Amino acid sequence: MLGAGYWGPNLVRNFAASPDCEVRWLCDLDEERAKRVVGRHSTIRTTASLETVLNDPSVDVVAIATPAATHARLGLACLDAGRHVLIEKPLAPSADEARSLVAAAERHGLVLMCDHTYCYTPTVRRIRDLVHSGQLGDIHYVDSVRINLGLVQSDIDVVWDLAPHDLSILDFILPQDSRPTAVAAHGADPIGAGHACLAYLTLPLSGNGIAHVHVNWLSPTKLRTTVIGGSKQMVVWDDLNPSQRLSMYDTGVDISDEFGSEARREAMVSYRIGDMVAPALPEYEALGAMARELVSAIREHRPPLTDGRAGLRVVEILEAASTSLLGDGRLVPI
Ligand SMILES: NC(=O)c1ccc[n+]([C@@H]2O[C@H](COP(=O)([O-])OP(=O)(O)OC[C@H]3O[C@@H](n4cnc5c(N)ncnc54)[C@H](O)[C@@H]3O)[C@@H](O)[C@H]2O)c1
């Protein structure tokens with residue numbers, strides 16, 4: 001395990017709790033930090049040297065929770081040393097580096113997984129099932145809001161910090177005939193942080209749909225809401241409402257073809273307002289499910305649900321969004 005900062009300890013806790021895993025090393029350039037995380041009575045050894053970890057033949061998998069800029073270099077070193085690799089989102093700081101990770105994993109026949117944590121939550125699993133089973137119908141739009149008084153990062157902007165969550169969720173839930181084809185990004189840096197602190201991404205989807213992602217570090221309140229409009233049903237996911245995270249609306253808006261296109265605008269819009277159902281969802285920690293998926297993928301010699309290619313697709317959109325931000329919001333194909 002590499003990285004004992006803010007997120008790394010969550011991975012350590014979940015892998016240590018898994019009956020299928022044994023955490024051997026916690027490696028951080030700041031070894032004192034790693035020591036504080038494992039505590040005085042742990043069997044997990046600490047080091048500041050990746051080489052020490054890779055010299056241990058009992059290490060099968062390396063999980064990387066270091067800053068994004070280091071992901072490709074560290075991931076490649078581990079893959080080239082014959083280890084399966086889990087990398088935190090975003091997979092790499094550029095699409096080229098993400099591609100080199102995917103290529104190295106395929107060359108060595110190793111599992112490369114990206115921790116797109118939300119894809120392992122019960123809510124996102126259910127939404128994916130609803131979309132893929134056709135229960136929502138055609139996807140008309142996805143509207144995702146992720147705003148709070150966030151930690152203003154020094155090395156990455158708000159798009160690279162927060163939007164990987166929304167983009168990985170889109171990648172996970174949307175069917176093949178409704179994928180992002182381009183992105184237009186508008187952002188602002190009203191506090192002079194040196195990069196965007198709030199941003200709006202608009203992503204046309206193949207088919208007739210559209211997705212919108214709003215990320216913001218400067219909001220006084222925290223909102224984590226996604227609305228998905230389908231031709232048959234619509235869902236609202238409010239991640240901050242644990243007693244009713246998911247609401248499914250039997251609601252639809254239809255336009256009758258009966259009188260041809262001219263007459264449509266007049267009075268042929270019909271609204272269907274049916275029941276709202278809040279499904280019971282199991283409660284479990286997403287990172288635990290993520291850890292189980294990593295172990296299963298390795299044992300079954302198959303790509304995990306959020307494999308390197310999923311990580312690459314997300315990085316490709318992030319990179320296109322950065323190009324769009326620099327180009328005043330022009331639409332950049334993906
Ligand atoms: N999945 C999620 O929900 C989620 C949430 C938060 C952060 N993250 C991701 O986790 C990663 C780490 O974020 P963080 O907030 O914990 O960062 P952090 O800055 O708090 O911690 C990073 C740690 O990595 C160490 N480090 C840096 N280079 C290293 C190297 N070469 N070898 C060993 N250790 C090294 C640093 O000393 C530091 O302790 C990022 O990619 C971030 O996007 C994911």
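A polar contact here is a pair of N or O atoms within 3.5 Å. I kept that cut-off in mind while going through this structure, which is a predicted model.

**Entry 1: polar contacts of the ligand**

I looked up Arg33 and found a polar side-chain atom of this residue 2.5 Å from an oxygen atom of the ligand. I then turned to Glu88, where a polar side-chain atom lies 3.0 Å from a nitrogen atom of the ligand. For Thr66 I noted a backbone N or O atom, 3.4 Å from an oxygen atom of the ligand. I also looked up the area: the ligand taken alone exposes 860 Å², and the protein buries 81% of that.

**Entry 2: the shell around the ligand**

I noted that 21 residues surround the ligand. The closest are Trp7, Asp28, Arg33, Lys89 and Thr117, so Arg33 appears here again by the 4 Å cut-off. Sorted by class, the shell holds 9 nonpolar, 6 polar and 6 charged residues. Which helix gives the most to this shell? I found that helix H4, residues 71-80, does, with 3 residues.

**Entry 3: Thr123**

I placed Thr123 in helix H6, which covers residues 122-132. Is Thr123 buried or exposed? I list Thr123 as buried because its relative accessibility is 3%, and the cut-off for buried is under 20%. I then looked up the contacts of Thr123, leaving aside neighbours within four places in sequence. Trp237, Arg245, Leu246 and Leu281 are the residues in contact with Thr123 on that basis.

Key: Residues numbered from 1 in each chain as written. Predicted model: local features only at pLDDT ≥ 70, side-chain atom pairs only at ≥ 80, totals over all residues. Heavy atoms only, no water. Helix = DSSP H or I, 4+ residues; strand = E, 2+ residues; numbered from the N terminus. Buried < 20%, exposed > 50% of the residue type's maximum accessible area, 1.4 Å probe, protein only. Contact = heavy atoms within 4.5 Å. Polar contact = N/O pair within 3.5 Å; in protein donor to acceptor, adjacent residues only side chain to side chain. Areas by Shrake-Rupley, 256 points an atom, 1.4 Å probe, with all protein chains shown as cover. Nonpolar A, V, L, I, M, F, W, Y, C, P; charged D, E, K, R; others polar.
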